[in-house]
Amino acid sequence: MRSGPGEPFGVPAYGDGPAWRRDSLSEDGIGWIGAHGGAGASTLTRLLGGTDIGCRWPDPALAEPAQVMVVGRTNSDGLRAVSRALHAMKDGRHPAGMRLVGVVLIADAPGGLPAPLLGRIRLLRSIAPVHRVPWIPSYRVGEEPKRLPRQLTRLVTVVGPRAEARRQP
C-alpha cells in the first residue's frame, strides 16, 4: 500500500466528521493507532480509555489526541506493520504535533515467540518504548479476565492520566 503525508498506511482519511473543525491535535487524551487491522486498538480503547484512531494518523480537524500509541500483533505481519508506521513517523509523514508515547504489541497466540520475532521486537525497542500484552484467553470469547495481567496493569500506569481525558463513545 502506498501512503501519502496524511495517510500512513494506505487508508484514506474519512471525509465526513463533526461540523466543528480544528487545525491542531488535542493535548487531551491518548490515541490508539492500529498498525494493521485487528491489531487490538479497539480493545485497548475499551479497556483503558482514550480514542481509537484506527489505521491512520490522528486528524487535527477532529481534535484527536496528539499523544499516540501504535498497536500491533506479535506475528510477522503485525511487527512489519509496526515497523512501517515507525518508519513513516521517522520520515515525518504524520500530523504536526503528534507525539509517540510508545508501541503496544499484543500476543497473537499463547506461548513464547520464535527467535526471529523476538529479534524484531528488540529492534523496535531500540526505536521506541515497547509494551507487550500477553495472550488473554477470556478476551477471545468476549469475557473479562478474573485478574488483569501485570503487563496490562503496567500499561495502565503509562497511559492512565492520558486515557481518561477523552473516551471514544
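**Exercise 1. Placing P110**

Where is the place of P110?

Solution. The model is a predicted one. In this model, P110 sits in the loop that runs between strand 4 and helix 3. The next step is its accessibility: P110 counts as exposed, because its relative accessibility is 57% and the cut-off for exposed is over 50%. The last step is a distance. P110 and P137 are separated by 27 residues in sequence, and their C-alpha atoms are 8.2 Å apart in space.

**Exercise 2. Outline of the chain**

State how many helices and strands the protein chain has, and give their order.

Solution. The protein chain has five helices and five strands. Read from the N terminus, the order of the elements is β-α-β-β-α-β-α-β-α-α. Two totals complete the outline. The protein chain has 169 residues, of which 43% count as buried. Among contacts between residues at least 6 apart in sequence, 73% join residues at least 24 apart.

**Exercise 3. The buried face of helix 1**

Find which residues of helix 1 are buried and how they are arranged around its axis.

Solution. Helix 1 covers residues 41-48, and A41, L44, T45 and L48 are buried in it. Viewed down the axis of helix 1, these buried residues fall within an arc of 105°, so they line one face of the helix. A general rule fits here: an α-helix has 3.6 residues a turn, so residues three or four places apart point the same way. After helix 1 comes G49, which has a positive phi, near 90°.

**Exercise 4. A positive phi outside glycine**

Locate A63, and decide whether A63 is buried or exposed.

Solution. A63 is found in the loop between strand 2 (51-54) and strand 3 (67-73). Its relative accessibility is 8%, so A63 counts as buried, the cut-off being under 20%. The phi of A63 is near 55°, which is a positive value in a residue other than glycine.

**Exercise 5. Helix 2 against helix 3**

Describe how helix 2 and helix 3 pack, and name the residues that make the contact.

Solution. Begin with the geometry. Helix 2 (residues 76-90) packs with helix 3 (residues 115-125) at an angle of about 20°, and the axes are 10 Å apart. Angles under 35 degrees count as roughly parallel, and helix 2 and helix 3 are therefore roughly parallel to each other. Their crossing is left-handed.

Next come the residues. Helix 2 contributes S76, L79, R80, V82, S83 and L86 to the contact, while helix 3 contributes L117, R120, I121 and L124. By type, the residues of this contact divide into six nonpolar, two polar and two charged.

**Exercise 6. Two sides of helix 3**

Sort residues of helix 3 into buried and exposed, and state what covers the buried ones.

Solution. The buried residues of helix 3 are L117, I121 and L124. They cover an arc of only 55° around the axis, which puts them on the same side of helix 3. On the other side of helix 3, the exposed residues are A115, P116, R122 and L123. The cover over the buried residues of helix 3 includes helix 2, strand 4 (99-106) and strand 5 (130-133).

**Exercise 7. Three buried residues and their contacts**

For M89, V130 and S138, give the element and the contacts, leaving out residues up to four places away in sequence.

Solution.

- M89 lies in helix 2. M89 is buried, because its relative accessible area is 12%. Its contacts are W57, V70, H94, M98 and L100. One of these, L100, is 11 residues away from M89 along the chain, with 8.8 Å between the C-alpha atoms.
- V130 lies in strand 5. V130 is buried as well, since its relative accessible area is 13%. V130 is in contact with V103, L105, I121, L124 and R125. The C-alpha atoms of V130 and G102 are separated by 5.8 Å, although these residues are 28 residues apart along the chain.
- S138 has its place in helix 4 (residues 137-140). With a relative accessibility of 16%, S138 counts as buried. S138 touches E143, E144 and P145.

Technical notes: Residues numbered from 1 in each chain as written. Predicted model: local features only at pLDDT ≥ 70, side-chain atom pairs only at ≥ 80, totals over all residues. Heavy atoms only, no water. Buried < 20%, exposed > 50% of the residue type's maximum accessible area, 1.4 Å probe, protein only. Contact = heavy atoms within 4.5 Å. Axes fitted to C-alpha atoms, helices over the stretch in contact; angles between N-to-C directions. Parallel < 35°, antiparallel > 145°, perpendicular 65-115°, else oblique. Left-handed = near helix turned anticlockwise from the far one by under 90°. Nonpolar A, V, L, I, M, F, W, Y, C, P; charged D, E, K, R; others polar. Arc of directions from axis to C-beta.
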